[in-house]
Protein chains: 2
Amino acid sequence: MLYTYNMIHDDLDDAIFRALGHRTRRQLLDDLKAGPLTTGVLCELHPELDRCTVMQHLAVLTDADLVIPERKGRERWNHLNIIPIQQIHERWIGAFARYTADKVGHLEQSLAATPRLLSKAHSE
Amino acid sequence: MLYTYNMIHDDLDDAIFRALGHRTRRQLLDDLKAGPLTTGVLCELHPELDRCTVMQHLAVLTDADLVIPERKGRERWNHLNIIPIQQIHERWIGAFARYTADKVGHLEQSLAATPRLLSKAHSE
């Protein structure tokens, strides 16, 4: 059961890193940082790409849950979804930060256990 | 000049996302979250992989600057480097957080510009 759960997560992570692995797709996410844009505007921002290529890249980003599309009439608005990026950060840096916090905690305990040394250092 | 600068950065980012794109390499980074480990210990943690495969994955992670190796005698200690992961976060969420902060700032300004409405709401 856990194996299946991990496999689903690994598949999602594969999709996320595959999507982020292409510089054009990273640029498209950069474009969406300041707010959602229509597919038309994204095409105008990338005259070097044809509309079909932009739409293919957006499909990969959408499959990886990095872009959330919103239909408004005939327009498609593309929203940056920061949750998967937040999860990358949490996976490695969240734990690292806790590890660092533990280290500092242990250091503080060690210092607290040597009050004479501390007060001597402070008086110097 | 800027183009060259961006190209170098794009190459580095390609290496980072390629490295993170493999589930075994993500697992190796998970193993290093709690602190550095020797290559020997990493091999023991992954009996399903032969030593050569582990070393190849570590080489990809090292090229992407996600792992920093440290030689101590005959041992190689592998350290997780969080800087590239921090930069992924900063690239998209840093800006997003600033955008959200701006939005809140504008909202506060709008609210400050309507004191009568606010005091009316507070008195109710």
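Buried area is the accessible area that two parts lose on being put together, summed over both. Keep that in mind as you click around this model, which is predicted.

**Stop 1: the two domains of chain A**

Colour residues 2-81 of chain A as domain 1 and residues 83-124 as domain 2, following the domain assignment. Where they meet, eight residues of domain 1 and six residues of domain 2 are in contact. The area buried between these two domains is about 530 Å², and carbon and sulfur atoms give 72% of it.

Now select Ile16(A), Phe17(A) and Asn81(A). This trio supplies 59% of the area that domain 1 of chain A buries against domain 2, more than any other three residues.

Next, show side chains and look for charge. Which residue does Arg91(A) pair with in a salt bridge? Pick Asp13(A): the closest N and O atoms of the two are 3.1 Å apart. The rule finds one salt bridge across this domain interface, along with two residue pairs in polar contact, both residues at pLDDT 80 or more. On the domain 1 side, the residues touching domain 2 divide into five nonpolar, one polar and two charged.

**Stop 2: where chain A meets chain B**

Bring chain B into view. Here 28 residues of chain A are in contact with 28 residues of chain B. The two chains bury about 2900 Å² between them, with 60% of that on carbon and sulfur atoms. Highlight Arg23(A), Arg26(A) and Trp92(A): in chain A these lose the most area to chain B, together 24% of what that side buries.

How many salt bridges are there between chain A and chain B? The count is ten. For one to zoom in on, select Asp14(A) and Arg23(B), which form a salt bridge with their closest N and O atoms 2.2 Å apart. The rule also finds 14 residue pairs in polar contact across this interface, again with both residues at pLDDT 80 or more.

Switch to cartoon and colour by helix. On the side of chain A that touches chain B, α1 (2-20), α2 (23-31) and α5 (83-112) each supply at least two residues. Which element gives the most? That is α5(A), with ten residues. By class, this side of chain A has 14 nonpolar, five polar and nine charged residues.

**Stop 3: Asp10(B)**

Stay at the chain interface and click on Asp10(B), in helix α1 (residues 2-20) of chain B. Is Asp10(B) buried or exposed? Its relative accessibility is 12%, so Asp10(B) counts as buried, the cut-off being under 20%. Leaving out residues up to four places away in sequence, Asp10(B) touches Arg23(A), Arg26(A) and Gln27(A). Two of those names should ring a bell: Arg23(A) and Arg26(A) are among the residues of chain A that lose the most area to chain B.

**Stop 4: Asp65 in each chain**

Finish with a backbone detail. Select Asp65(A), in the loop between α4 (51-63) and β2 (67-72) of chain A. Asp65(A) has a positive phi of about 70 degrees although it is not a glycine. With 43% relative accessibility, Asp65(A) counts as partly exposed.

Then jump over to Asp65(B), which lies in the loop between α4 (51-63) and β2 (67-72) of chain B. Phi is positive for Asp65(B) too, near 70 degrees, in a residue other than glycine. Asp65(B) is partly exposed, with a relative accessible area of 42%.

Terms used:
Residues are numbered from 1 along each chain as its sequence is written. Chains are lettered from A and ligands numbered from 1 in the order in which they are written. Side-chain values use heavy atoms; hydrogens and water are left out. Contact means heavy atoms within 4.5 Å. Buried area is the accessible area (1.4 Å probe) that two parts lose on being put together, summed over both. A salt bridge is a side-chain nitrogen of Lys or Arg within 4 Å of a carboxyl oxygen of Asp or Glu. A polar contact is a pair of N or O atoms within 3.5 Å; within protein, one must be able to donate a hydrogen and the other to accept it, and residues adjacent in sequence count only if both atoms are side-chain atoms. Helices (H or I, at least four residues) and strands (E, at least two) are DSSP runs, numbered from the N terminus. Ala, Val, Leu, Ile, Met, Phe, Trp, Tyr, Cys and Pro count as nonpolar, Asp, Glu, Lys and Arg as charged, and the others, Gly among them, as polar. Domain bounds come from an automatic or database domain assignment. Buried means under 20% relative accessible area, exposed over 50%, partly exposed in between (1.4 Å probe, protein chains only).
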